[in-house]
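Visitor: Hey, got a minute to walk me through this one? I'd like to start with a single helix and then zoom out.

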Amino acid sequence: MASALKNLSEYNEQNIPSAEGLLFGIVVSEWNTKITHALYEACYETLAKHGAREENIHVIQVPGSFELPAGARMLADRLKVDAVICLGCVIKGETSHNEYINYAVANSLANLGMMYGRPFVFGVLTPDNEQQALDRAGGKHGNKGVEAAITAIRMADLRKNLGETKPKIGF
Ligand code: DLZ
């Protein structure tokens, strides 16, 4: 019931750092396009609303959510992105395919974040049915694309303010 208590789409704009000058990658999965497109639009609008410039938001599409980490890595290898946002929707079916996809994507994005020292945001809906997805893509539980964008801005800003990591010598 966490989403009933905390709708993170309703954030305080005053507390969000500026996204001006930051470079973002967005990777969008084509499966369940109606949902992922709604996530994407809200995500893009939120980045722009907080100062990200159009030329600093790079968007690519991948076939399904399983391909999100590979797409995210391609972006991170080619561009000096400050954050990569991955948007997908894996709806539970008759088999446990969703568990394999969700686990692989979450794990891979976490690993990419550790490897690159940059935020790779998990903006993947994992609903039991389409209605639950719609509720989170502009419905009664807000739009998780907004939350993904805010997370990316906050984490990119945090990294910028902490400065580059320095190579360690010894302990
Ligand atoms: C195969 C598959 C299935 C059954 N369901 C979904 C889904 O609900 N959401 C999604 O994003 N992708 C799904 N896919 C596709 C996989 O993510 C992947 O694209 C294929 O297995 C090929 O690697």
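Guide: Sure. Keep in mind that this is a predicted model. Let's take helix H6, which covers residues 144-162: its 19 residues reach 27 Å from the first C-alpha to the last, close to the 27 Å expected at 1.5 Å a residue.

Visitor: Okay, and which residues of H6 are buried?

Guide: Quite a list: Lys144, Gly145, Val146, Glu147, Ala148, Ala149, Ile150, Ala152, Ile153, Ala156, Asp157 and Arg159.

Visitor: What do the buried residues of H6 pack against?

Guide: One helix and several strands. The helix is H2 (33-49), and the strands are S1 (24-29), S3 (83-89), S4 (120-125) and S6 (142-143).

Visitor: Which residue caps the N-terminal end of H6?

Guide: That's asparagine 143, with a side-chain oxygen 2.7 Å from the backbone nitrogen of glycine 145.

Visitor: And what is H6 followed by?

Guide: Glycine 163, and its phi is positive, near 85 degrees.

Visitor: Zooming out now. How many helices and strands does the protein chain have?

Guide: Six helices and six strands. Along the sequence they follow the pattern α-β-α-β-α-β-α-β-α-β-β-α.

Visitor: What about the radius of gyration of the chain?

Guide: The chain has 16 Å, which agrees with the value near 16 Å for a compact globule, given its 171 residues. If you want box dimensions, the C-alpha atoms fill roughly 50 × 35 × 30 Å along the principal axes.

Visitor: How much of the chain counts as buried?

Guide: 44% of the 171 residues. On the surface side, the accessible area is about 10000 Å², with 54% of that belonging to carbon and sulfur atoms.

Visitor: And the contacts between residues at least 6 apart in sequence, what share joins residues at least 24 apart?

Guide: 80% of them.

Visitor: Changing topic: which residues surround the ligand?

Guide: Ser29, Trp31, Asn32, Gly64, Ser65, Phe66, Glu67, Cys89, Val90, Ile91, His97 and Ile101.

Visitor: Where does a nitrogen atom of the ligand meet the backbone?

Guide: At cysteine 89, where a backbone N or O atom lies 2.8 Å from that nitrogen. As for side chains, an N or O atom of serine 65 is 2.7 Å from an oxygen atom of the ligand. Asparagine 32 also has a side-chain N or O atom 3.4 Å from a ligand oxygen.

Visitor: So how much of the ligand does the protein bury?

Guide: 69% of the 490 Å² that the ligand exposes when taken alone.

Technical notes. Residues are numbered from 1 along each chain as its sequence is written. This is a predicted model: local features need pLDDT of at least 70, side-chain atom pairs count only at pLDDT 80 or more; totals for chains, interfaces and linings use all residues. Side-chain values use heavy atoms; hydrogens and water are left out. Helices (H or I, at least four residues) and strands (E, at least two) are DSSP runs, numbered from the N terminus. The expected span of a helix is 1.5 Å times one less than its number of residues. Buried means under 20% relative accessible area, exposed over 50%, partly exposed in between (1.4 Å probe, protein chains only). Contact means heavy atoms within 4.5 Å. A polar contact is a pair of N or O atoms within 3.5 Å; within protein, one must be able to donate a hydrogen and the other to accept it, and residues adjacent in sequence count only if both atoms are side-chain atoms. The radius of gyration is taken over C-alpha atoms; the globule rule is 2.2 Å times the number of residues to the power 0.38. Accessible areas come from the Shrake-Rupley method with a 1.4 Å probe; for residues, only the protein chains shown count as cover. A residue is near a molecule or strand if one of its heavy atoms lies within 4 Å of it.
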